[in-house]
Each structure stands twice: as structure tokens, then as C-alpha cells.
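I opened a notebook page for this structure and set myself a few things to look up. The sequence and the structure come before my entries.

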Amino acid sequence: MKIGIVGLGLIGGSLGLDFRAAGHWVGGVSRQQATCDFAIAQGVADAAGSDFELLRDAEVVFVCTPLGVMQQTTQALIPFLKAETILTDVGSVKASVVESLEPLWPRFIGGHPMAGKEVAGIQAAQAHLFVDRPYVLTPSSNTPGDIKAVLIELIQTLGSKYYECSPAQHDRAVAWISHLPVMVSASLIAACQQEPETSSLALAQALASSGFRDTSRVGGGNSELGRMMAQYNRDELLRSIQFYRQSLGQIEMAIEQNRWDDLETFLSQTHQDRTNFVD
Ligand code: NAP
């Protein structure tokens, strides 16, 4: 199959590596010549450049740019696509992306490969990034039936677990497990950094180990992506932050009032509930 990737960064580059390894032809389009040269050298794409002309024969095109430029990028891409081409995106937010891209192309379906790293750019692209990770498609009532089957087959070649839901359901779920954790983790780092006593701050920084590494990981990642998550999934993120405030408030109150049994009950419940989300 001839696959096009627009935006050769962490996600676009990682898709390119896996699709090529599965025997597909991959054409990559990115703004910078250095990105394209790197993509060719690393085996991310068979051909890469800044001209959409490169994707004339593509059967499926993945838009992998930052969320904020997906609409304008897709508008620029569309005159180069043949009528049968399937268009999809990899954006971390779905309702706003589907709303803006679906009217542009009749053979569009929203998607989200749910794997990532703290680092961005083509240099961070990695083979097998999506193995055993969820890959969500968000078809709407307008989505032509045949295009889902083609994408599911490609998702299977990545080794991902396929899920399907509406864009709104997707955005509510990822607010909980992806966007809220970024903000909680970032606020943890910011709070620690506020320690006014310099010697205590220096000691805390020196002693920080695996627990802090785990809890600060997503808050110390790609700031542009964090901004986009909040900007494009604003209402769902705000909703989850309200619930989070309540939980933190419960913990704070129990500690303030020396209600140690209540605190232990709370923590033993979260110990159990964690397995509902991760192994
Ligand atoms: P990234 O590493 O920064 O890659 C994006 C690429 O898009 C850049 O390398 C850039 O290459 C290109 N690009 C084209 N137009 C651009 C513009 N106007 N501004 C900036 N870059 C532009 O980002 P990513 O992490 O792969 O994320 C890409 C998409 O995947 C986003 O929509 C995000 O929501 C989604 N996503 C991210 C993750 C994650 O954890 N990182 C996970 C799942 C989905 P050139 O400079 O060569 O143009």
C-alpha cells in the first residue's frame, strides 16, 4: 500500500518506520529539509520532501502535525489527493479535529494512536512504539464504511489494540487518563520548585528518585503538546480538574484533621482502583 505521512515528528516518524517495515511504501511531507533528510536516512520514509505532490498516489494519508495546524495543513494537502484516498489524523483530541477535518474530505476518519514519549521531533521516532498500545478510531455517521476496514488492517500491522468510540467519548476518556495527568504532574513539579528555602530545595532535588521520576514524567514532557491538549480539550479537562480538586481536598482534610484511618481507607481504595486502569 502507498501511505502518506504529513508531519514527520515523533508520531509520524514512528508510524513511517513500522509501515515501511511491514512492506508499505511511505511518502513523508514535512516543512524542514533537515527533517526530510533525517527521515530518509533513518528509514522512516521512502521519499520525503516539503511538496504535497509527493502524495499524489497515496492510498492512505496520516496527518501527524501539531493539533493547531491540522486544519490549515489538510486544506493545503487536499488539492493533491486522488478521490479514493483515505485521510486520517493522529491528534490527541478528537471532537474539534473531526469537526474541522471531516467537512474537508469525504473519506476522512479521526484516529489516535495512544503512545508517546516526553521528547518530540523526528529524532525521537521509534520502531514498535505502538505495540500493545490502544489505537482509537472515531468514525461518525458520515464515515464511509469501507475506510474503517483499511485502517483497522494498518492498525493491526502496528501491533496496536483497536478501539472505536465517538469523538466526544474519546475526549472525555483521554481527559482523565492523559490530559489531567499532564496537568497534575506539571503542578507537582511547579509546587516542589516553590520551596522557598534554597538548601531544602537543593536537598529535595538531590534525593528525588524513582517515585518522583514516575510522577513527574508526563508533566516534564512536550509543553507544546500539553498546551494543545488543554486548548483543544478545554471543557473536558476543566471538568476532570474539578473532580481532582475534590479528591485532593479529601486527602488534605483527612491529614489536617488527623483522620488517619480515613486516609488509609482512601489509599487502600486507590491501591485497588489503580488496577482498573493499568496492570
Ligand atoms: P512532533 O514530534 O513535534 O512532530 C510534529 C511534526 O510536524 C514536526 O516534526 C514538524 O516537522 C511537523 N510540522 C508541520 N507543520 C508544523 C507546524 N506548523 N508547527 C510545528 N511542526 C510542524 O509532535 P508529535 O508528538 O509527533 O505530535 C504530532 C501529533 O500527534 C499531534 O497532533 C499530537 O496531538 C499527536 N499525538 C502525540 C502523542 C505524543 O505523546 N507525542 C501521542 C499521540 C498523538 P517539520 O518541522 O519538519 O515540519
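My entries below go from the domains to their contact, then to the ligand, and last to the salt bridges.

**Entry 1, the domains.** I kept in mind from the start that this is a predicted model. I looked up the domain assignment of the protein, and it gives domain 1 as residues 2-165 and domain 2 as residues 169-276. I then checked how the two are placed, and their centres, taken over C-alpha atoms, are separated by 31 Å. To the contact, domain 1 gives 15 residues and domain 2 gives 15 residues.

**Entry 2, the area between them.** The size of an interface is often given as the accessible area lost when the parts come together, so I looked for that value next. Domain 1 and domain 2 bury about 1,200 Å² between them, and 66% of this area is on carbon and sulfur atoms.

**Entry 3, polar links across the contact.** How many residue pairs are in polar contact between domain 1 and domain 2? I found five such pairs, counted where both residues have pLDDT 80 or more. I then turned to the side of domain 1 that touches domain 2, where helix H4 (95-101) and strand S7 (134-138) are the elements that give two or more residues. Sorted by class, this side of domain 1 has eight nonpolar, five polar and two charged residues.

**Entry 4, the ligand.** Which residues come nearest to the ligand? Of the 25 residues around the ligand, I noted Gln32, Thr35, Thr65, Ser92 and Gly121 as the ones that come nearest. I followed three of these further, beginning with Thr35, which has a polar side-chain atom 2.7 Å from an oxygen atom of the ligand. For Ser92, an N or O atom in the side chain is 2.6 Å from an oxygen atom of the ligand. With Thr65 the backbone takes this part, because here a polar backbone atom is 2.8 Å from an oxygen atom of the ligand.

**Entry 5, salt bridges.** Side chains of opposite charge can pair when their charged atoms come close, which is why I searched for such pairs. Over the whole structure the search finds nine salt bridges. Between domain 1 and domain 2 the count is one salt bridge. I looked at Glu118 and Arg217, whose side chains meet in a salt bridge at 2.8 Å, N to O. I also looked at Arg107 and Asp146, whose side chains meet in a salt bridge at 2.8 Å, N to O. This pair links distant parts of the chain, 39 residues apart, with Arg107 in the loop between H4 and strand S6 (108-113) and Asp146 in helix H5 (residues 145-158).

Methods
Residues are numbered from 1 along each chain as its sequence is written. This is a predicted model: local features need pLDDT of at least 70, side-chain atom pairs count only at pLDDT 80 or more; totals for chains, interfaces and linings use all residues. Side-chain values use heavy atoms; hydrogens and water are left out. Domain bounds come from an automatic or database domain assignment. Contact means heavy atoms within 4.5 Å. Buried area is the accessible area (1.4 Å probe) that two parts lose on being put together, summed over both. A salt bridge is a side-chain nitrogen of Lys or Arg within 4 Å of a carboxyl oxygen of Asp or Glu. A polar contact is a pair of N or O atoms within 3.5 Å; within protein, one must be able to donate a hydrogen and the other to accept it, and residues adjacent in sequence count only if both atoms are side-chain atoms. Helices (H or I, at least four residues) and strands (E, at least two) are DSSP runs, numbered from the N terminus. Ala, Val, Leu, Ile, Met, Phe, Trp, Tyr, Cys and Pro count as nonpolar, Asp, Glu, Lys and Arg as charged, and the others, Gly among them, as polar. A residue is near a molecule or strand if one of its heavy atoms lies within 4 Å of it.
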